[in-house]
Amino acid sequence: MCRTIIWSDRSGATSTLCYVLMPDHLHWLFQLGDGESLSKVMLRVKGRSGRLCGSAVWQKGYHDHAVRKEESIRDVARYIVANPLRAGLVSSLRDYPYWNAAWL
């Protein structure tokens, strides 16, 4: 079985603002680095994590949502990290180990 892998990007391709790893999907709020494309970043993340797990773990596609200027980044981040609560996985976010946010 694959151990949980949280990808750390030291190349500057992305700046992670928050993430939450759910049992069957990932929510990840990040800013692309200069000259980076979303499709290339996703290809690298899926490829690397699949190799570390020893098998394919991701579906072929992904769903993206660009944050609009009028949206608060912190509100979007709060919504993302609250997913385990809304899914009923925990009653307190402090009991869920697979998340982080830049503001903490």
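Contact here means heavy atoms within 4.5 Å. Keep that cut-off in mind for the tour of this predicted model.

**Stop 1: the whole chain**

Show everything as a cartoon. Among contacts in the protein chain between residues at least 6 apart in sequence, 46% join residues at least 24 apart. The chain has three helices and three strands. Trace the sequence from its start and the order reads β-β-α-α-α-β.

Now switch on the surface. The accessible surface of the chain is about 7,700 Å². Carbon and sulfur atoms hold 51% of that area. The chain has 104 residues, and 32% of them count as buried.

**Stop 2: Arg44 and Glu36**

Hide the surface and turn to charged pairs. How many salt bridges does the count come to? It comes to two.

Select Arg44 and Glu36 for one of them. Their closest N and O atoms are 2.9 Å apart. Colour both residues by accessibility. Arg44 is partly exposed, with a relative accessible area of 36%. Glu36 is also partly exposed, at 28%.

**Stop 3: Arg78 and Asp75**

Move to helix H2, residues 73-81. Select Arg78 and Asp75. Their side chains meet in a salt bridge, 2.9 Å from N to O. Where do the two sit relative to each other in the helix? Arg78 and Asp75 are three residues apart in H2, so about one helical turn separates them.

Check their accessibility too. Is Arg78 buried or exposed? Arg78 has 51% relative accessibility, and because exposed means over 50%, Arg78 counts as exposed. Asp75, at 45%, is partly exposed.

**Stop 4: the second largest pocket**

Bring the surface back and look for the second largest pocket. The volume of this pocket is about 170 Å³. To frame the pocket, select its lining: Met42, Leu43, Lys46, Gly47, Gly50, Ala56, Val57, Trp58, Gln59, Lys60 and Tyr62.

Colour that selection by class. Six of the lining residues are nonpolar, three are polar and two are charged. Keep Tyr62, one of the lining residues, selected for the next stop.

**Stop 5: Tyr62**

Centre on Tyr62. This residue lies in the loop between helix H1 (38-53) and H2. Which residues does Tyr62 touch, not counting those up to four places away in sequence? Tyr62 touches Leu38, Ser39, Met42 and Lys46. Two of these names may look familiar: Met42 and Lys46 are also among the residues that line the second largest pocket.

Draw a distance from Tyr62 to Ser39. The two are 23 residues apart along the chain, and their C-alpha atoms are separated by 9.3 Å. With a relative accessible area of 40%, Tyr62 is partly exposed.

**Stop 6: Val67**

Stay in the loop between H1 and H2, and select Val67. What is Val67 in contact with, leaving aside its neighbours within four places in sequence? The contacts are Leu29, Ile73 and Val76. Show those three as sticks.

Now draw the distance from Val67 to Leu29. They are 38 residues apart in sequence, and 9.2 Å apart from C-alpha to C-alpha. Finish with accessibility. Val67 has 27% relative accessibility and counts as partly exposed. The cut-off for buried is under 20%, so Val67 does not fall in that class.

Notes
Residues numbered from 1 in each chain as written. Predicted model: local features only at pLDDT ≥ 70, side-chain atom pairs only at ≥ 80, totals over all residues. Heavy atoms only, no water. Salt bridge = Lys/Arg side-chain N within 4 Å of Asp/Glu carboxyl O. Buried < 20%, exposed > 50% of the residue type's maximum accessible area, 1.4 Å probe, protein only. Helix = DSSP H or I, 4+ residues; strand = E, 2+ residues; numbered from the N terminus. 1 Å grid on protein atoms, 1.4 Å probe; cavity = no way out; pocket = protein on both sides within 12 Å on 5 of 7 lines; lining within 4 Å. Points joined across faces, edges and corners; volume = space filled by probe spheres on them. Nonpolar A, V, L, I, M, F, W, Y, C, P; charged D, E, K, R; others polar. Areas by Shrake-Rupley, 256 points an atom, 1.4 Å probe, with all protein chains shown as cover.
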